[in-house]
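Here are my notes on the model you asked about. Have a look at it first, then read on.

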There are 2 protein chains.
Amino acid sequence: MSARVLLPWTDIDVPEELGAAYYDGVGAPPANLGDVEVYVLPYDRGPEPPKLIGELPSLRVVQSLSAGVETLVPLLPGGVRLANGRGLHDLSVAEHALALIHAAQRDLPRWFAQQARGEWAREHTRSLADSRVLLVGYGSIGQAIERQLVAAEAVVTRVASRPRPDQEVHGVAELPALLPEADIVVLVLPDTPATRGLIGPAELAALPDDALVINVGRGTAIDTEALLAQTSTGRLRAGLDVVEPEPLPADHLLWTVPGVVITPHIAGGSASFYPRAKKLVAEQLRRYVKGEELLNVVES
Amino acid sequence: MSARVLLPWTDIDVPEELGAAYYDGVGAPPANLGDVEVYVLPYDRGPEPPKLIGELPSLRVVQSLSAGVETLVPLLPGGVRLANGRGLHDLSVAEHALALIHAAQRDLPRWFAQQARGEWAREHTRSLADSRVLLVGYGSIGQAIERQLVAAEAVVTRVASRPRPDQEVHGVAELPALLPEADIVVLVLPDTPATRGLIGPAELAALPDDALVINVGRGTAIDTEALLAQTSTGRLRAGLDVVEPEPLPADHLLWTVPGVVITPHIAGGSASFYPRAKKLVAEQLRRYVKGEELLNVVES
């Protein structure tokens, strides 16, 4: 019997050299997985699927579909390689950032509330066009967001951990000077010691009245209590897909602030992720059976 | 005393050759307007401001800030020229189309309802990226929408009243062949005899399951009852800024369909309209005092 790959989907082509087994991370995994050499982890299915990593005696490769794989590294048996899902979620996250911006600028919560009452009452709104957007985090997601902002005729200023003058990217050290000129701040930062609490009371106070704070990176970048204080008075607004802590407790006051829209960390998981993920997995399997170098291998 | 312009805003520069009076369309107009030669109509303030057109004995020019001015033409005294607000709303309308698309694809009504309950429950959503969008109406608004769709990596097919093969624009006669391939249809059509009822029962039936119908043009383009029938079963979804009739009656069933989001014809009136409108008015006043040809003059 040939080696097998354990896949979360049945609708991708598997090279003829490999057999396949399927586990979508929802029910129990199949039995008799002794011949599984490649395990493609089901995406965003909680803590159960990673546990299987230690129970596959022939395992050679773990393919995660997430970009961040810190929690998987300690689970890897010796000699098992790990590849991540870097880039698969970029467009989905970028698109969700735009959804949050539009929701806030065009008052969508108000119209949906009116719809529930059958009420046709009109008022002009803010817009994204002409808004000055401070984009903090200029990796591949930030660049995808920028393309959509520019197409909407917003005016973008780029910020990253370190300045890149050749690309007109400012460093985070310049935030105090940049924040007062921003109508919208978009945070697309990973959780690192350097990004934790980057946007605290002083940074929020530096924003002009009515500014909008968008976060699609990690919740730790913002001091939640400071944001609550500045949004509760109506001085600032926010659109958050990530918060600190997650899940946000049911009785947290942030849920109830009128100028704050919250989605439950779902930016990365939209339909556009799947075709990209399946394409990556198909390519990895092709490389695996040919003995070629795998993509996105994480050094451990 | 010099001639005057009657303006809706106090914050634009008026050429020194002209005096200015102000009327924002909300309260009563000022008295003693006998010397007003140019009347810039307050935008979107209902039926009162146009009535003033017949009461200004020195009137030479009416500047509307709307694109459609059919209702003003019969009010014009002989020799009074009319200029419209063509183009001022393009970006605002385009942006609102994107807001409606994102709201529908990323399930915003669901997350806002969860937020109201303090509920953190996650699920993957549809996306705009990779979606096949049929853009029906390819004037300046349609082109602005297209730029934003392309930046979001949607796949756009262009349709206009008449085919323009050199621009890859299909004619509406090809809709029966194009609709079955559309995940999202965006309607940006004026109200004309040719567009009324363009999207009726047969056209809606031709769309694939779960397709999204967006309308930011005029409500008459869609057969409302047919749309209600196809959305009520959950087969199609819709995002509508315009409907037929307007205002939509409070007891209309369309308000209550889960897959339908409705905003009350507010696409054109966002903040990005004002700077563009003020720029146009400033230029018109400059041209008026210099005796140059005015922009956007409507032939009557």
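1. Copies are overlaid by least squares on the C-alpha atoms of residues with pLDDT of at least 70 in both. Done that way, a rotation of 180° with 0.0 Å of shift along its axis puts chain A on chain B, with an RMSD of 0.1 Å. The two copies are thus related as by a two-fold rotation axis.

2. A word on ground rules: this is a predicted model, where local features need pLDDT of at least 70, side-chain atom pairs need 80 or more, and totals for chains, interfaces and linings use all residues. Residues are numbered from 1 along each chain as its sequence is written, chains are lettered from A and ligands numbered from 1 in the order written, and side-chain values use heavy atoms, without hydrogens and water.

3. How do the copies meet? 100% of the interface residues of chain A are also interface residues in chain B, so they meet through the same surface.

4. Now zoom in on helix α2 (residues 90-105) of each chain: the axes of α2(A) and α2(B) come within 9 Å and cross at roughly 115°. That makes α2(A) roughly perpendicular to α2(B) (the word covers 65 to 115 degrees). Axes here are lines fitted to C-alpha atoms over the stretch in contact, with angles from 0 to 180 degrees between N-to-C directions. Helices are DSSP runs of H or I, at least four residues.

5. Which residues of α2(A) meet α2(B)? A:E95, A:L98, A:A99 and A:H102 touch B:E95, B:L98, B:A99 and B:H102, contact meaning heavy atoms within 4.5 Å.

How values were computed: Helix = DSSP H or I, 4+ residues; strand = E, 2+ residues; numbered from the N terminus. Parallel < 35°, antiparallel > 145°, perpendicular 65-115°, else oblique.
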